[in-house]
Amino acid sequence: MLSNWHEMVKTRDINMLPKILADNVILHSPIIHRPVEGKKMVGMYLTAALHTFANKAFTYDREFLCKNGAVLEFSTEIDGIFVNGIDMITWNDSGEIIDFKVMVRPLKAINLINERMTALLEKYKAQQQV
């Protein structure tokens, strides 16, 4: 459910991710042209995103809710660059996230996020190979 997502973002407790993601979760990234699938991979990408986005300036500004989904508008600042975007989250009847779509603007922010997340993901992948 949405409250679990908000709690995880607020506490920055990435250990909550396995509990709130469905096994077959799909992530749609503003950077990657194909969906990321599965709890392990989506968890890795969301961990990188949280480390990139969820700084002291990060806030959810508005929420649009429906039965099994939400659109959350967020804003933050990274290295002096304003970032505005939305998280579109869908969950199943068990309250697990099954679909997560992120859209970000402006282009300057997307380029910065791509650079940061690529570095983090490479680090995570290297750690898994050890």
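# Reading burial, charge pairs and the core

Visitor: How should I read a relative accessibility of 16% at E73: buried or exposed?

Guide: E73 counts as buried, because its 16% relative accessibility falls under the 20% cut-off. Keep in mind as we go that this is a predicted model.

Visitor: Which side chain meets that of E73 in a salt bridge?

Guide: Let's take the general idea first. Side chains of opposite charge can pair when their charged atoms come close. Here, the side chain of R62 meets that of E73, with 2.7 Å from N to O. R62 belongs to strand β3 (residues 59-66) and E73 to strand β4, so the salt bridge ties together parts that are eleven residues apart in sequence. Unlike buried E73, R62 is partly exposed, at 48% relative accessibility.

Visitor: How many salt bridges does the count come to?

Guide: The count comes to three. Another of them joins the side chains of R116 and D79, at 2.1 Å from N to O. This pair links distant parts of the chain, with R116 in helix α4 and D79 in the loop between β4 and β5, 37 residues apart. R116 is partly exposed at 29%, while D79 is exposed at 59%.

Visitor: And what distance, N to O, goes with the salt bridge of D23 and K39?

Guide: That one is 3.3 Å. It also bridges distant parts of the chain: D23 sits in strand β1 and K39 in helix α3, 16 residues apart. D23 is exposed, with 61% relative accessibility, and K39 is partly exposed, with 25%.

Visitor: Now a charged residue without such a partner. How far away is the nearest side chain of opposite charge from D87?

Guide: It is R12, 11 Å away, and D87 is buried with no salt bridge. D87 lies in strand β5. Its side chain does have a polar contact of 2.6 Å with that of Y60. Setting aside residues up to four places away in sequence, the residues that D87 touches include W5, Y60, F74, F100 and K101.

Visitor: W5 is on that list. Where else does W5 turn up?

Guide: W5 is one of the residues with the most contacts inside the largest nonpolar core, along with F53 and V104, and that core has 42 residues. Helices α1, α2, α3 and α4 and strands β1, β4, β5 and β6 each supply at least two residues of this core. Beyond its neighbours within four places in sequence, W5 is in contact with residues including L17, I20, L46, L72, I89 and I97, and with D87 and Y60 too.

Visitor: How do I read a helix such as α3, which supplies residues to this core?

Guide: A general point helps. An α-helix has 3.6 residues a turn, so residues three or four places apart point the same way. In this model, α3 has 15 residues and reaches 20 Å from its first C-alpha to its last, close to the 21 Å expected. Eleven of its 15 residues are buried, so α3 is largely enclosed by the rest of the structure. Among the buried ones are V42, M44, L46, A48, T52 and F53.

Visitor: Which residues does L120 touch, leaving out those up to four places away in sequence?

Guide: L120 touches A48, H51 and T52. L120 itself is in helix α4, and A48 and T52 are among the buried residues of α3. As a distance to check in your viewer, the C-alpha atoms of L120 and M44 are 9.4 Å apart, although 76 residues separate them along the chain.

Technical notes: Residues numbered from 1 in each chain as written. Predicted model: local features only at pLDDT ≥ 70, side-chain atom pairs only at ≥ 80, totals over all residues. Heavy atoms only, no water. Core = buried A, V, L, I, M, F, W, Y, C linked by side-chain atoms within 4.5 Å. Buried < 20%, exposed > 50% of the residue type's maximum accessible area, 1.4 Å probe, protein only. Helix = DSSP H or I, 4+ residues; strand = E, 2+ residues; numbered from the N terminus. Contact = heavy atoms within 4.5 Å. Lys, Arg positive; Asp, Glu negative; His and termini not counted. Salt bridge = Lys/Arg side-chain N within 4 Å of Asp/Glu carboxyl O. Polar contact = N/O pair within 3.5 Å; in protein donor to acceptor, adjacent residues only side chain to side chain. Expected span 1.5 Å × (residues − 1).
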